[in-house]
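Trainee: I am new to this structure and would like a close look at a single part of it, the largest pocket. Please describe that part and then connect it to what lies around it.

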Amino acid sequence: MIERLGITGTPGTGKKTIAPLVASELGFSTLDLNSLATHERKSGSTRTIQVDPATMRRRLRKLDLSCKVLYGHLLPSLFRKSELDFIAVLRCKPAVLKERLLRRGYSPQKLRENLEAELIGVILADCLKRFGGERLLEYDTSRGGPDLVLDRILADIRGTGMKERRWIDWTPLYDSPRKLRSLFSTESTDSALT
């Protein structure tokens, strides 16, 4: 039985949208892991959040995490294999993610960092290293809307999903320098390239 469900992914992949939907369907509550960030610094108009995973883990150990959907990109840094029953890694086609992050006003540096992370699957790799592949599945949030992703996650949790693991690999979409330059520019990406 699943009591502690983790949802993670690169910023902009849909965690804040999907987690409450999944929790509502399961009768669970949610916990935004980013809300446990330990220190926020403001310097002029720039805001940075410094995270101390050890402090956050201590805070988490004091909480009852049963019947919770825990979400945030920090998930693989905060939990051990035995502490979560199911992990959903949200993925998004980099060109779609770029448009989402541009709408959020990400700086050029943060935009590039997050696009690179999604392109090469940094959070997926962290999750596989931390949790193994038995309890982990990926979900493409690029198209179809939140309800489609919700349905797929619920089907897998309830055991009615396809259960066929297909790893998402975005790298073949960016097989030329021109496509990579377009992705990493601060301009809106022409969807025809991706």
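**The largest pocket and its surroundings**

Mentor: The largest pocket holds about 1,000 Å³ of space, in a model that is predicted. Its lining is made up of 33 residues, and those nearest the centre of the pocket are P11, N34, H73, R104 and Y106. Two or more lining residues come from each of α1, β4 (46-50), α4 (94-103), α5 and α7 (145-158). Of the elements, α1 gives the most to this lining, with four residues. By class, the lining of the largest pocket has 10 nonpolar, 14 polar and nine charged residues.

Two of these contributors, α1 and α5, lead on to other parts of the model. Take α1 and the sheet to begin with. The sheet is open and has five strands, in the order β2-β5-β1-β6-β7, with parallel pairing. At its edges stand β2 (29-32) and β7 (136-140); each has a single partner strand, so one side of each is left without a neighbour in the sheet. On average, neighbouring strands of this sheet are turned by 20 degrees against each other, direction ignored. For the edge strand β2, the partner is β5 (residues 68-71), and the two pair in the parallel sense over four bridges. Within this pair, L31 is opposite L70 in β5. Helix α1 (residues 15-26) packs on the sheet, where it touches β1 (4-9), β2, β5 and β6, and its direction makes about 160 degrees with that of β1.

Now to α5, which also supplies two or more residues to the pocket lining. Its axis comes within 10 Å of the axis of helix α8 (residues 177-184), and the two cross at roughly 130 degrees. At that angle, α5 counts as oblique to α8. The contact joins R112, L115, E116 and L119 in α5 with L180, L183 and F184 in α8. Sorted by class, this contact of α5 with α8 has five nonpolar, no polar and two charged residues.

The helix α5 (108-120) also takes part in the lining of the largest cavity, to which α5, β6 (86-91) and α6 (122-131) each supply at least two residues. A search of the whole structure finds one cavity of 30 Å³ or more. About 40 Å³ of space lies in the largest cavity. Its lining consists of G9, T10, V89, L90, R91, A117, E118, G121, V122, I123 and L124. These lining residues divide into six nonpolar, three polar and two charged.

To return to the starting point, the pocket lining draws on both α1 and α5, among other elements. From there, α1 leads to the sheet on which it packs, while α5 leads to its contact with α8 and to the lining of the largest cavity.

How values were computed
Residues numbered from 1 in each chain as written. Predicted model: local features only at pLDDT ≥ 70, side-chain atom pairs only at ≥ 80, totals over all residues. Heavy atoms only, no water. 1 Å grid on protein atoms, 1.4 Å probe; cavity = no way out; pocket = protein on both sides within 12 Å on 5 of 7 lines; lining within 4 Å. Points joined across faces, edges and corners; volume = space filled by probe spheres on them. Nonpolar A, V, L, I, M, F, W, Y, C, P; charged D, E, K, R; others polar. Axes fitted to C-alpha atoms, helices over the stretch in contact; angles between N-to-C directions. Parallel < 35°, antiparallel > 145°, perpendicular 65-115°, else oblique. Contact = heavy atoms within 4.5 Å. Pairing = 2+ DSSP bridges.
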